[in-house]
Amino acid sequence: MTHRTVGHPAGLPDDPRAHVTAPTPECPVEITLGALQGRWTTLVIRELLRGDRSYSELRAALPALSDKVLSDRLAQLARTGVAERHRRPGWPPRVHYALTPNGHRLGPVLQTLWDWGTQTPPPDNETPPSRTSRAVP
């Protein structure tokens, strides 16, 4: 069996979309980056990787995150098919958020980004992040 990248530079897939000369909406990397775009998005996903969460549970887990940004990120994650919003019956009505199966597939992606970041020095103009724990961002 031939490896997918044989005949291509290391890390590049044997896929016609890998030969574009400008970013396109069909590019798998752009699709992934689009799903992860925005400050706090990776942290919201991290919390949802731990299980379904209500809005108030997400707010408690990320206390520095504003209500507006949390609402925006949850809506973005729902639009991109990463998370789902579930309204549960009862009074008061309860809303929970959960990752879709496709959203769960971002777990290893975030772990890989974390691992890369722990091995890469930050730019000179930024304070280095704490590197004492090995958790998804």
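Visitor: Which residue is the bridge partner of E84 in β3?

Guide: The partner of E84 is A98. In β3, A83 also has a bridge partner, namely L99. This is a predicted model: local features need pLDDT of at least 70, side-chain atom pairs count only at pLDDT 80 or more, and totals for chains, interfaces and linings use all residues. Residues are numbered from 1 along each chain as its sequence is written, and side-chain values use heavy atoms, with hydrogens and water left out.

Visitor: What makes β2 and β3 a pair?

Guide: Count the bridges. Two strands pair if DSSP finds at least two bridges between them. Six bridges join β2 (residues 83–88) to β3. Six meets the cut-off of at least two, so β2 and β3 pair. They run antiparallel.

Visitor: How do you know that β1 and β3 pair?

Guide: β1 (residues 53–54) and β3 (residues 94–99) share two bridges. The rule asks for at least two, so the count meets it. One of the links joins S54 to H96 in β3. This pairing is antiparallel as well.

Visitor: What makes residues 53–54 a strand?

Guide: Strands are DSSP runs of E, at least two residues long, and helices are runs of H or I, at least four long; both are numbered from the N terminus. Residues 53–54 form β1, and a run of two is allowed, so the name strand applies. The chain has six helices and three strands. Along the sequence they follow the pattern α-α-β-α-α-β-β-α-α.

Visitor: In which order do the three strands lie in the open sheet?

Guide: The order is β1-β3-β2.

Visitor: Why are β1 and β2 called edge strands?

Guide: Each of β1 and β2 pairs on one side only. Helix α2 packs on this sheet and touches β1, β2 and β3. Touching, or contact, means heavy atoms within 4.5 Å. The direction of α2 makes about 95° with that of β3.

Visitor: What sits in the hairpin of β2 and β3?

Guide: Five residues lie between the two strands. G90, in the turn, has a positive phi of about 120°. P92 is also in this loop. The peptide bond from W91 to P92 is cis, with omega near -5°. Most peptide bonds are trans.

Visitor: Why is α2 called roughly perpendicular to α4?

Guide: Their packing angle is about 70°, and their axes are 10 Å apart. Angles of 65 to 115 degrees count as roughly perpendicular, under 35 as roughly parallel, over 145 as roughly antiparallel and the rest as oblique. About 70° falls in the perpendicular range, so α2 is roughly perpendicular to α4. Axes are lines fitted to C-alpha atoms, for helices over the stretch in contact, and angles run from 0 to 180 degrees between N-to-C directions. T41, V44 and I45 of α2 meet L70, R73, L74, Q76 and L77 of α4.

Visitor: What makes α2 and α6 oblique to each other?

Guide: Again, look at the angle. α2 (residues 41–49) and α6 (residues 106–118) pack at about 125°, with axes 11 Å apart. About 125° lies in none of the named ranges, so the pair counts as oblique. T42, I45 and L49 of α2 make the contact with L106, G107 and L110 of α6.

Visitor: How do you know that E47 counts as buried?

Guide: Buried means under 20% relative accessible area, exposed over 50%, and partly exposed in between (1.4 Å probe, protein chains only). E47 has 4% relative accessibility, which is under 20%, so E47 is buried. Beyond residues up to four places away in sequence, E47 touches R53, L58, A61 and L62.

Visitor: Why is W40 called partly exposed instead?

Guide: W40 has 23% relative accessibility. That value is between 20% and 50%, so W40 counts as partly exposed. W40 lies in the loop between α1 (28–36) and α2. Its phi is positive, near 85°. Most residues other than glycine have a negative phi.

Visitor: What makes the link between E47 and R46 a polar contact?

Guide: The distance between the side chains is 2.7 Å. A polar contact is a pair of N or O atoms within 3.5 Å; within protein, one must be able to donate a hydrogen and the other to accept it, and residues adjacent in sequence count only if both atoms are side-chain atoms. The link joins side chains, and 2.7 Å is within 3.5 Å, so the name applies.
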